[in-house]
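Biologist: I am new to this structure. Please give me a close look at the ligand site, and then carry on to the parts you would read next.

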Amino acid sequence: MGKRILVTGGAGYIGSHTAVELQNAGYEVIIVDNLSNSNENVIDGIERITGVRPAFERLDCNDKEGMQAVFTKYPGIEGIIHFAASKAVGESVQKPLLYYRNNLVSLLNLLDLMPQFDVKGIVFSSSCTVYGQPDILPVDESAPIKPALSPYGNTKQICEEIINDTIHAGAPFRAILLRYFNPIGAHPSAEIGELPLGVPQNLIPYLTQTAMGIRKELSVFGNDYNTPDGSCIRDYINVVDLAKAHVIAMNRMIERKAADNVEVFNLGTGRGVSVLELINSFERATGVAVPHKIVGRREGDIEQVWANPERANNVLGWTAVESLDDTLASAWRWQEKLRERGIM
Ligand code: UFG
């Protein structure tokens, strides 16, 4: 058996793709997920891809005694990848206490338990949201942290600070903070992918559901931004590429190769793509039309952000390799699979 890794939120979108890559790399994966925004059949998908069923515990990371019992049941967990969090920006504005409680208490519990169970390191899911609208693009890790635009974004900033403070106070473990840009796409097998509950808030699930005819048309939020075509620009990164970076980060921590006790890396492609360009790419990659219309701006949207991923490229030896077209085609195959299975 390989080294044991605890993956919180491992039934979720990025968590499930990371569980697959960890298992492919020989790790033994233990998933803790309360299924608040996911489904247990994701575990079946992971098993179908890898041939190995990860251990699964349905549990809320805010339940400290429950988490303690997990560490006791699976002795020798060497690392944690902490995905479990509430992530809807709009909902966080409506329910700030829910977001602060879910996202902060779960991290506090893990950091408390790690020394007790001799866990060597934690990889934390952070976000480019910490940069707000950067003054310099592409944005690198030294850019200033801007005041958060939502309680969700604030929890990512506070969690980064909590980890930094804990380690600087001498905690006997290491941490790597991964700042994701916009993860999209699905596993090439179409066995796992993004499955938002209800009406999608994010661009790609809304787009693929529109292409499928589930939604009438995609609203493009604004074409009067200061960008070449007027629509917002993001750095869309393939979710499998993103997942692979977690395996590299985990290896680095466990093998004590990290230069510092806390390291931070941007995970992006380095390429900015506008909403309108993305729609065109999807139509080109799949041959399927996406009915869309321009509407007003969405409150709180950043105009443009894309990564300088050089630190991850040079230090981790990781680069995003999947093309945008292949990634969009994978998102479409996943949407088709959901239709075949009668899920959507
Ligand atoms: N967009 C549309 N129409 C839609 C949905 C989105 O035009 O129906 C546009 C948005 O305006 C934005 C782009 O598509 O320009 C991407 O929007 P997403 O909602 O997919 O992603 P965001 O960049 O807004 O959000 C991401 C993460 C959040 C994170 C946030 C920080 O999903 O977790 O970045 O800004 F907090």
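Modeller: The ligand has 17 residues around it, and Y152, L203, S219, R234 and D301 come nearest; a residue is counted here if one of its heavy atoms lies within 4 Å of the molecule. This is a predicted model, in which local features need pLDDT of at least 70 and side-chain atom pairs count only at pLDDT 80 or more, while totals for chains, interfaces and linings use all residues. Residues are numbered from 1 along each chain as its sequence is written, and side-chain values use heavy atoms, with hydrogens and water left out.

Three side chains have polar contacts with the ligand, listed here by residue. A polar contact is a pair of N or O atoms within 3.5 Å; within protein, one must be able to donate a hydrogen and the other to accept it, and residues adjacent in sequence count only if both atoms are side-chain atoms. From an oxygen atom of the ligand, a polar side-chain atom of R234 is 2.6 Å away. For N202 the corresponding distance is 3.0 Å, and for an N or O atom in the side chain of D301 it is 2.5 Å. On its own the ligand has 680 Å² of accessible area, of which the protein covers 88%; areas come from the Shrake-Rupley method with a 1.4 Å probe, and for residues only the protein chains shown count as cover. Strand β8 gives the most to the shell, with four residues. Helices (H or I, at least four residues) and strands (E, at least two) are DSSP runs, numbered from the N terminus.

β8 (218-221) also helps to cover the buried residues of helix α9, as do α7 (203-211) and β10 (236-238), among others. Those buried residues are V275, L276, L278, I279, S281 and F282. Buried means under 20% relative accessible area, exposed over 50%, and partly exposed in between (1.4 Å probe, protein chains only). At 1.5 Å a residue, the 12 residues of α9 (275-286) should span 16 Å, and the end C-alpha atoms are 17 Å apart, which agrees; the expected span is 1.5 Å times one less than the number of residues. Just after α9, G287 has a positive phi of about 75°.

Y152, one of the residues nearest the ligand, is among the buried residues of α6. Helix α6 (151-168) has 18 residues and reaches 25 Å from its first C-alpha to its last, close to the 26 Å expected. Its buried residues pack against α4 (89-94), α5 (96-116), β5 (121-127), β6 and β11, where contact means heavy atoms within 4.5 Å. G170, which follows α6, has a positive phi near 100°.

Some backbone details lie in loops. Most residues other than glycine have a negative phi, and most peptide bonds are trans. In the loop between β7 (182-184) and α7, A190 has a positive phi of about 60° although it is not a glycine. A190 counts as buried, at 5% relative accessibility. D118, in the loop between α5 and β5, likewise has a positive phi, near 60°, but is exposed, with a relative accessible area of 66%. The loop between β5 and α6 holds P138; the peptide bond joining L137 and P138 is cis, with omega about -5°.
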